[in-house]
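Colleague: Thanks for sitting down with me over this one. Could you take me through some of its features, one at a time?

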Amino acid sequence: MTHEPGVQEAPVQEAAAQQPEVDVLDVFLSGPLFLDIVFSGLPSVPRPGTEVWASGMGSLPGGIANLAVAASRLGLATGLATGFGDDVYARWCWEILADEAIDLSRSVRLPQHTSVTVSLAYGGDRSMITHGHPLTLGYDELIGDPPPARAVIIDLDDERAEERWWRRAAAAGARVFADLGWDPTEKWDHSKLSALEDCYAFLPNAAEAMAYTRTDSAREAARALADRVPLVVVTMGHEGAIALDSATGEECHVPALDVDAVDPTGAGDVFLAAFARGSLLDWPLAQRLRFASLCSGLAVQALGGSLAAPGIGDLHDWWARLETARAEGDPAAAALHEHYRFLPDVLPARPGRVTRRADATFALESDL
């Protein structure tokens, strides 16, 4: 049976009723939804007047869906407030997110088309083309009083930082994990960081962190940001991540997982979701970074953002492969095994479902 979003601006209840009922969500988040169409295996970027064939393609929910799916697949009870369009793209995205056990009871259907991003993955990076429109109502209006949650994850861009819902959630005891995207004006206004005083953790990438702090290294940037927020994590791509806990003075760096990346889309969202999971369980800082690095390393080996996120079963499979390689005398596997020996003790039991990956195109009838 198909469960469509509700009508106009009324909250949607149908699919949300399928979700497991919890008194308190682990994570609640909001943000714009996109349909992502990802092309991979490109030999080059197409020049004007030419055509380039891609060896891979995936269609999947994107935008805030990347973060929501990553969190849910890691076993966090996840709620999402977003606006779905009134087109077939929105219907399909709703089906996918509901199937991922994401609580959509704070989401609505709006009389507008779904925003679309086309991503070209090549050379270990990607370029994107997007068309869409902002939601016709603000997230404070959409959410109202946020549901009880142990954590919220927010994007501190100019408008989102001024929203009141996440501050109400923080006042009720939720830990606030913040991210901040690239500044297209490249002015890197310090005032954007003022909201950090109400946050628990801030996880920018190195380029953003250095630009906002006017520093020359990720470590210097982390130390500058630690004056504003209790916990700073600066991600550095293939160089790993560095974290600084200003309360204890602990500083930690972990390398990235050495993998053959197919598509980096959504890797930062997976890292953030995994780090939030470890934080909610009060893991040691190094263990949180290791876990986040592992999850993001697994994600870039699949196509797209949201549906590339690893599930608990994928983490069990990775550990089993690592143990086999270690038993066969692989020195690199032996070193990784030592770093990740905590993993079997913290993983939930393997779920009884297969993690869904992105298909090239979607057929609604096959999803019924």
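Modeller: Happy to! Let's begin with a charged residue: D282 has a relative accessible area of 55%, so D282 is exposed. Bear in mind as we go that this is a predicted model.

Colleague: Where is D282 found, and what is its phi?

Modeller: D282 is found in the loop between α7 (267–280) and α8 (285–299). D282 is not a glycine, although its phi is positive. The value is about 55 degrees.

Colleague: E186 caught my eye too. In which loop is the place of E186?

Modeller: E186 is a residue other than glycine, and its phi is positive, near 55 degrees. Its place is in the loop between β10 and β11.

Colleague: Let's turn to the rings. How many aromatic pairs does the structure hold?

Modeller: Two rings pair if their centres lie within 6.5 Å. On that basis, the number of aromatic pairs in the structure is eight.

Colleague: Take W188 and Y212: what kind of aromatic pair do they form?

Modeller: The centres of W188 and Y212 are 5.0 Å apart, and the planes meet at 85 degrees. Planes over 60 degrees apart count as edge-to-face. The W188 and Y212 pair is therefore edge-to-face.

Colleague: How many residues apart are W188 and Y212, and are they buried or exposed?

Modeller: W188 is in the loop between β10 (175–179) and β11 (201–202), while Y212 belongs to helix α5 (residues 206–213). This pair links distant parts of the chain, 24 residues apart. As for accessibility, W188 and Y212 are both buried.

Colleague: Why is the pair of W318 and Y340 edge-to-face?

Modeller: Here the ring centres of W318 and Y340 are 5.2 Å apart. The pair is edge-to-face because the planes stand at 75 degrees.

Colleague: Which parts does that pair tie together, and how far apart are they in sequence?

Modeller: W318 lies in helix α9 (residues 312–327), whereas Y340 is in the loop between α10 (331–339) and α11 (343–346). W318 counts as buried at 9% relative accessibility, and Y340 counts as buried at 2%. The parts tied together by this pair are apart in sequence by 22 residues.

Colleague: Which residues do ring pairs link into a cluster?

Modeller: W318 and Y340 are among them. The whole cluster, linked by ring pairs, is W283, F291, W318, Y340 and F342.

Colleague: And the ring of Y200: which residue has its charged end over it?

Modeller: The charged end in question is 4.9 Å from the centre of the Y200 ring. The residue is R175.

Colleague: Now the cysteines. Why is C252 too far from C295 for a bond, and how many disulfides are there?

Modeller: A disulfide needs two cysteine sulfur atoms within 2.5 Å. The sulfur of C252 has its closest cysteine sulfur in C295, 16 Å away, which is too far for a bond. C252 counts as buried at 11% relative accessibility, and C295 counts as buried at 0%. The count of disulfides is zero.

Colleague: Finally, the sheet: in what order do its strands come, and which stand at the edges?

Modeller: Eight strands form an open sheet with mixed pairing, in the order β4-β1-β9-β10-β11-β12-β13-β14. Each edge strand has a single partner, so one side of it is left without a neighbour in the sheet. The edge strands are β4 (78–81) and β14 (251–254).

Colleague: Which residue in β14 is the bridge partner of A241?

Modeller: Strand β13 (residues 241–245) pairs with β14 in the antiparallel sense, over four bridges. The bridge partner of A241 in β14 is V254.

How values were computed:
Residues are numbered from 1 along each chain as its sequence is written. This is a predicted model: local features need pLDDT of at least 70, side-chain atom pairs count only at pLDDT 80 or more; totals for chains, interfaces and linings use all residues. Side-chain values use heavy atoms; hydrogens and water are left out. Rings of Phe, Tyr and Trp (its six-membered ring) pair if their centres lie within 6.5 Å; planes under 30 degrees apart count as stacked, over 60 as edge-to-face and the rest as tilted. Helices (H or I, at least four residues) and strands (E, at least two) are DSSP runs, numbered from the N terminus. Buried means under 20% relative accessible area, exposed over 50%, partly exposed in between (1.4 Å probe, protein chains only). A charge sits over a ring if NZ of Lys or CZ of Arg is within 6 Å of the ring centre and within 35 degrees of the ring normal. Two strands pair if DSSP finds at least two bridges between them.
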